[in-house]
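Reader: I have a new two-chain model on my screen and would love some help finding my way around. Could we go through it together?

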Amino acid sequence: MTVTVERRVTGKQTHAGHPRRPRDSYALFLLPGVLAFLAVIIVPFLMNTGVSFTDWQGVGSPEWSGLANYRELLDDSEFWASFRHSLFMVVAMAAVPTAVGLVLAAALFDYVGKHFGSKTVAVLRACFYLPQVLPIAVAGIVWSWILAPDSGSLNELLKAIGLSSWQQDWLGDPDIALYSVMGVMVWVQLGFPLVIFMAGLQRVDPQLYEAAELDGAGWWRRFWHITLPQIRPEIYVVLTWCTIAALKVFGAVYVLTKGGPGGATNVPSYFSFTTFFEKTQVGYGAAISTVLTVIILLLSLIGLKLQTRAEEREGS
Amino acid sequence: MLTARRRVVATAVILAGSLLLTSCGDSDSGSSGDGKTLKLWHYEAPNSAMGLAWNEAIKEFKAKHPGVKVEFEEKGFEQIQKTAPMVLNSSDAPDVMEYNKGNATAGLLSKQGLLTDLSAEATKRGWDKKLSASVRTTSVYDANGVMGSGKWYGVPNYAEYTMVFYNKELFAKYKIPEPKTFDELTAAMDTFVKNKVTPLANGGAEYIAHQYLYQLALSKADRAWVDSYELYKGKTDFHDPAWTYAADTFADWVKKGYIGKTSSNVKAEETGVSFIQGKAPILFSGSWWYGRFVNEAKFDWGTFLWPESNLTLGSGGNLWVVPKGAKNKELAYDFIDITMSEKIQNLLGNKGGVPVAADASAITDPKSKTLIDNFNTLSERDGLAFYPDWPVPGFYDVLVSETQKLITGSEQPDGYLDALQEAYDKGVPQQ
């Protein structure tokens with residue numbers, strides 16, 4: 001008993017000679033999660049990877065085709081185009097919302113909060129977060145009405161304010177459609193970083209701001225030298241999370257454009273979906289989703305590594 | 001007594017075992033049914049002609065089979081389309097279900113042995129006599145899953161075909177007579193354009209646009225051309241005169257303003273609504289719109305077949321299929337037989353559908369009569385030419401995507417036809 005107490009106090013946990021080891025007991029609590037992870041993530045992923053090495057129509061027996069699907073992917077211009085579009089989505093769903101969310105969060109926290117009170121901040125924060133709560137199918141349909149070429153609200157608004165020459169076929173013109181979808185995604189995504197950053201700002205010591213203000217630092221300098229460094233962990237989390245969301249974006253493309261016009265807004269997840277279910281090329285569709293999963297996994301690991309390194313640097 | 005670690009391992013083994021057993025579930029569907037339940041799925045809207053007719057058929061079935069329970073589940077088209085192979089491979093398959101016709105759907109399932117061969121029942125119950133040759137094409141599939149010959153794997157109880165719907169009031173407003181020839185149709189469209197009205201309702205995001213294009217090709221084609229394209233009875237060349245004419249004319253119509261340049265991302269529903277709202281004076285589409293226009297269009301409208309074309313898009317409707325693993329097949333055959341009865345067929349006809357075995361004199365509604373008369377005209381001249389997306393799995397997406405490019409002008413007709421050729425050749429079954 002004495003030994004146990006001593007170990008707890010010193011924090012040195014060894015297993016030697018102890019009849020009830022806490023780690024083993026805790027492992028039981030991890031079990032449901034581990035099993036669910038195996039059943040829902042690992043097993044389907046391995047099965048999907050297995051299918052990607054076959055030529056299969058979804059019914060009957062799959063035929064082993066080795067790396068044929070992956071070789072075909074390398075030469076598939078549609079696949080590479082869909083990945084290029086994904087990069088645009090990363091800009092729309094990760095880069096822009098993170099940057100704008102940072103400025104907005106700082107402004108709400110540091111300016112609006114002080115001058116208009118916390119209730120106003122709460123209302124504004126909820127307004128920005130609202131698109132995150134709306135089902136993407138609903139938001140997509142509403143946006144397709146807004147962006148409709150002939151009687152859409154946006155074109156009608158432009159006409160009403162004398163900017164008829166700015167009217168566009170927002171989702172039907174291949175030169176514009178991708179940017180229109182990006183615009184919708186910025187609107188959808190903005191609330192998430194905003195809420196995370198505002199939560200992060202709660203833990204920043206107010207004395208830092210006060211001291212900076214006394215030293216004559218303006219809003220921008222306080223934002224740059226205090227806000228940004230203080231909520232760096234949140235920025236890493238948001239960037240990683242939003243990049244992953246951008247790479248697997250599906251719902252918005254499905255509802256708004258179905259990858260069109262002429263493939264101008266196609267993205268890997270939608271491409272994989274149509275290959276699976278419309279073309280019934282299940283093996284090829286599995287290869288696309290396997291590549292997508294591996295890329296997402298790599299990016300997540302890089303994001304986590306960068307975050308850990310930054311934390312270690314700050315700790316030292 | 002188990003230690004904590006052993007308990008963990010034992011629990012993990014039990015749970016993992018259960019999960020594996022669940023996920024790999026026994027798909028054996030061999031057990032026969034009790035003859036007391038008919039499990040039935042279809043995806044027709046309850047207020048559509050087919051939905052009303054099938055509901056009546058269920059009532060009739062119950063009356064003829066006292067003590068038999070009908071377990072009906074209403075499904076969505078997409079739901080069945082996307083999950084049918086998995087469902088039919090499991091023990092949850094229904095006894096009878098509605099399924100989409102064509103090589104890439106019913107053909108694929110028949111090839112994989114997931115559907116029951118209905119040939120003997122079709123002869124025994126006389127279904128083969130009731131269906132015309134062109135309607136029957138989608139019922140039979142060969143060993144490669146290609147429609148047109150082989151064994152019976154499905155029974156269509158209605159037919160569908162495309163026609164020109166036109167707003168008589170808008171035609172009258174601009175003093176345009178009903179077009180009887182192709183030149184009169186284009187002259188009518190010119191008049192609308194001059195009056196700043198886009199004549200053709202179009203939707204590039206779904207089937208509407210490429211059906212215009214296929215119809216243009218069909219107007220220069222014959223049955224051998226269709227058989228070659230749809231049934232692989234010859235080589236299909238997308239640069240032949242029919243396809244070239246279709247692509248050139250379609251692109252020209254966009255330039256002339258017959259088809260809106262902003263219609264590339266418009267869906268089929270929005271296209272139909274633009275006709276119902278009286279915005280577009282002409283819509284070329286299928287008989288599936290007919291009942292809805294009867295109910296919702298508040299103006300005088302009419303229909304005519306595409307002028308100067310023997311062929312038009314159309315086929316037998318969706319199929320009743322009996323899954324291989326169905327437990328009560330006899331009940332399923334009885335139900336299909338009831339849907340083919342004169343009573344149900346006449347009801348279908350009077351509700352705005354196109355019955356395949358109705359008594360013509362029993363169709364009393366004048367608009368329904370026109371619909372059925374037009375179908376009979378087509379049927380007599382063997383005029384149903386199926387749909388352009390049927391020959392190759394995934395060709396629907398290719399047609400949508402490429403035709404969108406033709407509308408936006410980001411692709412020229414020649415490049416458009418090249419793209420179709422490439423996708424067709426890649427997907428066409430090697431025989």
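Author: Happy to help; what follows is a set of questions and answers about this model, which is predicted.

Reader: Let's begin with the overall form of chain A. What radius of gyration does chain A have, set against a compact globule of 316 residues?

Author: For 316 residues, a compact globule would come out near 20 Å. The C-alpha trace of chain A spans about 75 × 60 × 30 Å along its principal axes. The radius of gyration of chain A is 25 Å.

Reader: How many helices and strands does chain A have, and what share of its residues counts as buried?

Author: Chain A contains 15 helices and 2 strands. Buried here means under 20% relative accessible area. Among the 316 residues of chain A, the share that counts as buried is 41%.

Reader: I also see nonpolar side chains on the surface of chain A. Which element gives the largest share of the nonpolar patch?

Author: The patch covers about 820 Å² and is made by Y129(A), L130(A), V133(A), L134(A), V138(A), I141(A), V142(A), W145(A) and W187(A). Two elements give two or more residues to this patch, α5 (118-133) and α6 (136-146) of chain A. The largest share, 4 residues, comes from α6(A).

Reader: Take V133(A) from that patch: is it buried or exposed?

Author: V133(A) sits in helix α5 of chain A. The cut-off for exposed is over 50% relative accessible area. Because its relative accessibility is 55%, V133(A) counts as exposed.

Reader: Now for the backbone. Which residues of chain A does a cis peptide bond join?

Author: Most peptide bonds are trans. In this case omega is about -5°. The proline, P261(A), is in the loop between α13 (251-256) and α14 (268-278) of chain A. The cis bond joins G260(A) and P261(A).

Reader: Over to chain B. What phi does Y232(B) have, and is that residue buried or exposed?

Author: Most residues other than glycine have a negative phi. Y232(B) is not a glycine, yet its phi is positive, about 60°. Its place is the loop between α11 (223-231) and α12 (241-256) of chain B. With a relative accessible area of 14%, Y232(B) is buried.

Reader: D382(B) is another residue with a positive phi. What is its relative accessible area?

Author: D382(B) has a phi of about 55° although it is not a glycine. This residue lies in the loop between α17 (366-380) and α18 (395-408) of chain B. D382(B) is partly exposed, and its relative accessible area is 34%.

Reader: Where do I find S110(B), and how many Å separate its C-alpha atom from that of V226(B)?

Author: S110(B) belongs to helix α4 (residues 103-111) of chain B. This serine counts as buried because its relative accessibility is 7%. Along the chain, S110(B) and V226(B) are 116 residues apart, and their C-alpha atoms are separated by 23 Å.

Reader: Last one, on charge: which helix gives the most to the negative patch?

Author: The patch of negative charge on the surface gathers D248(B), D414(B), D418(B), E422(B) and D425(B). One of these, D418(B), is found in helix α19 of chain B and counts as partly exposed because its relative accessibility is 40%. With 4 residues, the helix that gives the most spans residues 413-427 of chain B: α19.

How values were computed:
Residues numbered from 1 in each chain as written. Chains lettered and ligands numbered in written order. Predicted model: local features only at pLDDT ≥ 70, side-chain atom pairs only at ≥ 80, totals over all residues. Heavy atoms only, no water. Patch = residues over 30% accessible without salt bridge, like charges linked within 9 Å, V, L, I, M, F, W, Y side chains within 5 Å. Areas by Shrake-Rupley, 256 points an atom, 1.4 Å probe, with all protein chains shown as cover. Salt bridge = Lys/Arg side-chain N within 4 Å of Asp/Glu carboxyl O. Lys, Arg positive; Asp, Glu negative; His and termini not counted. Charge placed at Lys NZ, Arg CZ, Asp CG, Glu CD. Buried < 20%, exposed > 50% of the residue type's maximum accessible area, 1.4 Å probe, protein only. Rg over C-alpha atoms; globule rule 2.2 N^0.38 Å.
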